[in-house]
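Me: I'd like a close look at one part of this model, and then a walk outward from there. Keep it relaxed, but give me the geometry.

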Amino acid sequence: MISKRRNSIMVKMIVFYTIPFILLSVLLVWNSTHTTRNIQDSFITNMSHAFDQSYRDIEGRIQVASDLTSMVSRNNKMLEFINDPYLGDQSEFLKEYLDTVTPIIKYATAFSESDDYSIRVYMGNDAIPESWPYFFHLSNYSSHPKLQQFVQKDSETRLWLLPDDRELGPASLQDERRKYTLLTKLYSPARGMLGLAVVTLAEDSLFSIEEEPANLSNAQFLYAGGHIGLSTAELDEAEEAAILQQHIGDKRAYFIQGEYLYLHRNLDSIGQSLVYKVSLEQLNASVRKNVWNQILLIVFSILLLMITCYFMFKMIFLRLNKIVSVMRQVITGNNSIRIPDNRPDELGQLAHDFNDLIERNNELIHRVVMKERLRKEAQIKALQYQINPHFIYNTLDIFRMQLIKARIFDTADRLADFGQILRYNLSDNTLHTTLNEEIGLIRKYVSLQSLSSSKEIRLDIEVQESLKTFPVIKFLLQPIVENSIKYGQTARRELLHIQVRAYAIQQQVIIDITDNGWGMEEEQIAGLNEQFRAPLHYEDPAAEPPRRSIGLHNINSRLRLYYGDAYPITMEGKSNDYTKVQIRIPYE
């Protein structure tokens, strides 16, 4: 039955500790999801930073083309020359052409510090001769479709031609490189159109080699109107267009489609969007690694907690089994065994308290045994074990009746007192009596002793009225009075005076028995008082008191057993003067 209960407790504790395991698992799963989200956000952030840098670089290159056209379109000497050149003196015209106007174009070309840019001026004034490769007549290219529309629209001052558009300029100056062309109108102070400043930008210069994605599955490209322009990888244009058309207008700068992350941003100046297609393989690998790490952490944590709890429970229940085993042995009667557990914890405290309980139980058993033993010893052993008490009572009554018939009344009364004393001492119906009955007993006892004594015995009793019914243990005062008569009769005084006083003070009942016998030496009194206060050792024969003081030790032991060790007999006296015995009882 005990084993089943123990197993039930273990199951309950394991179930109880499963709750933290579940909470820990939920926490770790939440942490894994949160970490995965953080990894994804960090990956997107890193890719966005790289994408933004590439976007700013492209914007910068486009801005260089815009700056080059501004250098030409805002140069006053260039505009004055194209508006109204002086053609009277051929030499002066060529000098100004070569020394003033042409260096403006060369300077702007040199400003780009790259052969990716080229600058040309298309003049509306056909009177100015063309100068290869910078100055051309605009009328020679009036058939260009987008050029015609641009020139006719007064509201537009700039136009970008994409690489797929027909290139503007002499065929002899064109090469295999695809180019973006920026057209900027040139105006006179009177807002008359003088021509165009044209800057070309090589398409392949927008993406340098260093900016190409390291992962071959990634791609960076330009997109507009369902068509892919410059791209760093081979792409399915139709597939990419179908994907981008759904998201390219979104406010968010990125979206995830399948196994790829798309980052996009509009290049408003050239009318295209820069798109960065990034494979999520690296992200997924990081996420998988994080998930496996979290799973391993969960498994390891649960195993660690289970192992820890197992050994903890095992240690606890091993100690509990020892405690239960000792308890069962104590129940079967082995009161000498103790629980060997002194650890400073709850189980150690339980063992300590149970050991104390065994000690107190043993002490209680000893007290009960000693009480019964002392009660039996307080009776007259010879009459108790050898003579039938009723026979004694009947015989004494016969003698008393014969004395009354002989008219010897004084002796008959003494014999009646003796019979009552025997009845009182031999009666075992109760362990307690009243102080008044004890006083009556010692009166009868002194009356009997006065018959055989050669001295006059005087007994003075002073008891508070409220204490006469106070309960006390039986046979408390008679042995003390007996000692007073026994040792007081040998004194030289003619009158043996015995005083008994009973009074209450400070929640205690105090009984003083004083006689004027031989008295005692101070050393003898001190020795007796020390014996009365010493621990009780009734089971040890060597600890038996001297025969002279058996009665006092008997009363002292019974007082301490009934009322506690704080209530021993105390004695005082003086040699050849007096002896006083004091009894203290708690007044409840």
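At the start of α5, which backbone nitrogen does a side-chain oxygen of Asp236 reach?

Reply: That would be the backbone nitrogen of Ala238, with the side-chain oxygen of Asp236 coming to within 3.3 Å of it. Bear in mind that this is a predicted model, so every number here is computed from predicted coordinates.

Let's stay with α5 for a bit. The helix spans residues 237-247, and its buried residues are Glu240, Ala241, Ile243, Leu244 and His247. They cover an arc of only 170 degrees around the axis, so they sit on the same side of α5. Turn to the other side and you find Ala238, Gln245 and Gln246 exposed. Ala238 thus shows up twice: its backbone nitrogen is the one Asp236 reaches, and the residue belongs to the exposed side. As for what covers the buried residues, the list includes five strands: β6 (219-224), β7 (227-231), β8 (254-257), β9 (260-267) and β10 (272-279).

Now for the aromatic side of things. The structure has six aromatic pairs. Take Tyr122 and Tyr141: their ring centres are 5.4 Å apart and the planes meet at 85 degrees, so this pair counts as edge-to-face. Tyr122 is part of strand β1 (residues 117-123), while Tyr141 belongs to the loop between β2 (135-137) and α4 (145-152), so the pair ties together parts 19 residues apart in sequence. Both Tyr122 and Tyr141 are buried. Ring pairs also bring in Trp132 and Phe136, giving a cluster of Tyr122, Trp132, Phe136 and Tyr141.

Trp132 has something else going on: a cis peptide bond joins it to Pro133, with omega at about 5 degrees. Pro133 itself is in the loop between β1 and β2. For context, most peptide bonds are trans, and most residues other than glycine have a negative phi.

On that second point, there are two residues to check. Phe475 isn't a glycine, yet its phi is positive, at about 60 degrees. Its place is the loop between β13 (471-473) and α12 (478-488), and with 15% relative accessibility Phe475 counts as buried. Gln507 also has a positive phi, near 60 degrees, and is found in the loop between β14 (495-505) and β15 (508-515). Gln507, however, is exposed, with a relative accessible area of 61%.

Since β14 has come up, have a look at Ala502, which lies in that strand. Ala502 is buried, at 4% relative accessibility. Its C-alpha is 6.5 Å from that of Asp512, although the two residues are ten apart along the chain. Setting aside neighbours within four places in sequence, Ala502 touches Leu435, Glu462, Val463, Gln464, Leu467, Ile510 and Ile511.

If you like cation-over-ring geometry, there are a couple of cases to inspect. Lys185 lies over the face of Phe150, 4.7 Å from the ring centre. Over the ring of Tyr187 sits the charged end of Arg191, at 3.8 Å from the centre.

Finally, an annotation to set against the model. The unreviewed UniProt entry lists residues 9-30 and 291-313 under "transmembrane region". In the model, residues 291-313 are 100% helix and 0% strand, with their end C-alpha atoms 32 Å apart.

Note on methods. Residues numbered from 1 in each chain as written. Predicted model: local features only at pLDDT ≥ 70, side-chain atom pairs only at ≥ 80, totals over all residues. Heavy atoms only, no water. Phe/Tyr/Trp six-rings, centres within 6.5 Å; stacked < 30°, edge-to-face > 60°. Helix = DSSP H or I, 4+ residues; strand = E, 2+ residues; numbered from the N terminus. Buried < 20%, exposed > 50% of the residue type's maximum accessible area, 1.4 Å probe, protein only. Lys NZ or Arg CZ within 6 Å of the ring centre and 35° of its normal. UniProt positions renumbered as here; feature names shortened; annotations may be inferred. Arc of directions from axis to C-beta. Contact = heavy atoms within 4.5 Å. Polar contact = N/O pair within 3.5 Å; in protein donor to acceptor, adjacent residues only side chain to side chain.
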